[in-house]
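The exercises below are to be worked with the sequence and the 3D view side by side. Each task is followed by a solution in steps.

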Amino acid sequence: MNIRYPIYEGVYRILTLGITFRKQYNDYSHTKDVVALNNRPDEGVEAGKSYVLNLAVEVPACKWHKKGAPYMDTFYCVCMENGKMELRNSESGNTIATCRDTDGGATPVRKICPGCGYLHQSDMNDFCPSCMEKFYSNTIFGRALRSGTVEYQGKTYPSLLFKKKRPIPSMRLYLQVNRLYEV
């Protein structure tokens, strides 16, 4: 497990071994208050000492094993950072979902475009505006999909999102992220 925490503004150090911090208070009001469980002299962490930290744990999107978000009282949201999903204890500009429900479901904040992987905030379409223009044509009968369709895991999708009957990387990410919202 990799945990990133800030050394100073904008610079993060990555801890890679074991569990280093736990929440100081078991509530939703103190998301950044943590207590060190282990001594880490190289990182300047002392066991039993309180810290106020922005924590981030990388979660590979392609290996999200369960349906729904993990039950985590430590982490506030799921973010996308450099193409990787992260569980964080504070919200950032790349937040895609919040993890505050105790039923295991995440609440969507932004969408990931299945065509290009871009984060956007459209409530109406899963595609970003750029991909909407690429995948759809305006006809006298309204908007029409430019490609055919393909069946994948019992659902029908535009064939432009698949190569050799397998989802393209941005579509695979879209499918993985949408598993967060299934409970």
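**Exercise 1: Salt bridges**

Task: In this predicted model, find the salt bridge between K111 and D126, and state where each partner lies and whether it is buried or partly exposed.

Solution.
- Step 1. The side chains of K111 and D126 form a salt bridge, with 3.2 Å from N to O.
- Step 2. This pair links distant parts of the chain, its members being 15 residues apart. K111 belongs to strand β11 (residues 111-112), while D126 sits in the loop between β12 (119-120) and α1 (129-135).
- Step 3. Buried requires a relative accessible area under 20%, and exposed requires over 50%. K111 has 25% relative accessibility, so it counts as partly exposed. D126, at 30%, is also partly exposed.

Task: How many salt bridges does a search of the whole structure find, and is R88, which bonds to E86 in one of them, buried or exposed?

Solution.
- Step 1. The search of the whole structure gives two salt bridges.
- Step 2. R88 pairs with E86, and their closest N and O atoms are 2.9 Å apart.
- Step 3. The relative accessible area of R88 is 9%, so R88 is buried. E86 has 3% relative accessibility and therefore counts as buried.

**Exercise 2: Helix α2 and S170**

Task: Determine whether helix α2 is enclosed by the rest of the structure, and describe the surroundings of S170.

Solution.
- Step 1. Helix α2 spans residues 169-178, and S170 is found in it.
- Step 2. Seven of the ten residues of α2 are buried, so the helix is largely enclosed by the rest of the structure. The buried ones are S170, M171, L173, Y174, L175, Q176 and V177.
- Step 3. S170 has 12% relative accessibility and so counts as buried.
- Step 4. Leaving aside residues up to four places away in sequence, S170 touches C113, P114, G115, C116 and G117.
- Step 5. With G115 there is also a polar contact: the side chain of S170 reaches the backbone oxygen of G115 at 3.1 Å.

**Exercise 3: Strands around β9**

Task: Which strands are joined to β9 by bridges, and in which direction do they run relative to β9?

Solution.
- Step 1. Strand β7 (residues 77-81) is joined to β9 (residues 95-98) by three bridges, and the two run antiparallel. On this side, C79 has T95 of β9 as its bridge partner.
- Step 2. Strand β10 (residues 107-108) is joined to β9 by two bridges, again antiparallel. Here T98 stands opposite T107 of β10.

**Exercise 4: The whole chain and its confidence**

Task: Summarise the chain, then say which residues have pLDDT under 50.

Solution.
- Step 1. The chain contains two helices and 18 strands. It has 183 residues, of which 39% count as buried.
- Step 2. The chain exposes about 11100 Å², and carbon and sulfur atoms supply 50% of that area.
- Step 3. Of the contacts between residues at least 6 apart in sequence, 37% join residues at least 24 apart.
- Step 4. The mean pLDDT is 76, and 77% of the residues reach 70 or more.
- Step 5. Over residues 7-13 pLDDT stays under 50, and the model has 13 contacts for them beyond four places in sequence. Where pLDDT is low, predicted coordinates should not be read in detail.

Definitions and conventions:
Residues numbered from 1 in each chain as written. Predicted model: local features only at pLDDT ≥ 70, side-chain atom pairs only at ≥ 80, totals over all residues. Heavy atoms only, no water. Helix = DSSP H or I, 4+ residues; strand = E, 2+ residues; numbered from the N terminus. Buried < 20%, exposed > 50% of the residue type's maximum accessible area, 1.4 Å probe, protein only. Polar contact = N/O pair within 3.5 Å; in protein donor to acceptor, adjacent residues only side chain to side chain. Contact = heavy atoms within 4.5 Å. Pairing = 2+ DSSP bridges. Areas by Shrake-Rupley, 256 points an atom, 1.4 Å probe, with all protein chains shown as cover. Salt bridge = Lys/Arg side-chain N within 4 Å of Asp/Glu carboxyl O. pLDDT = per-residue confidence, 0-100.
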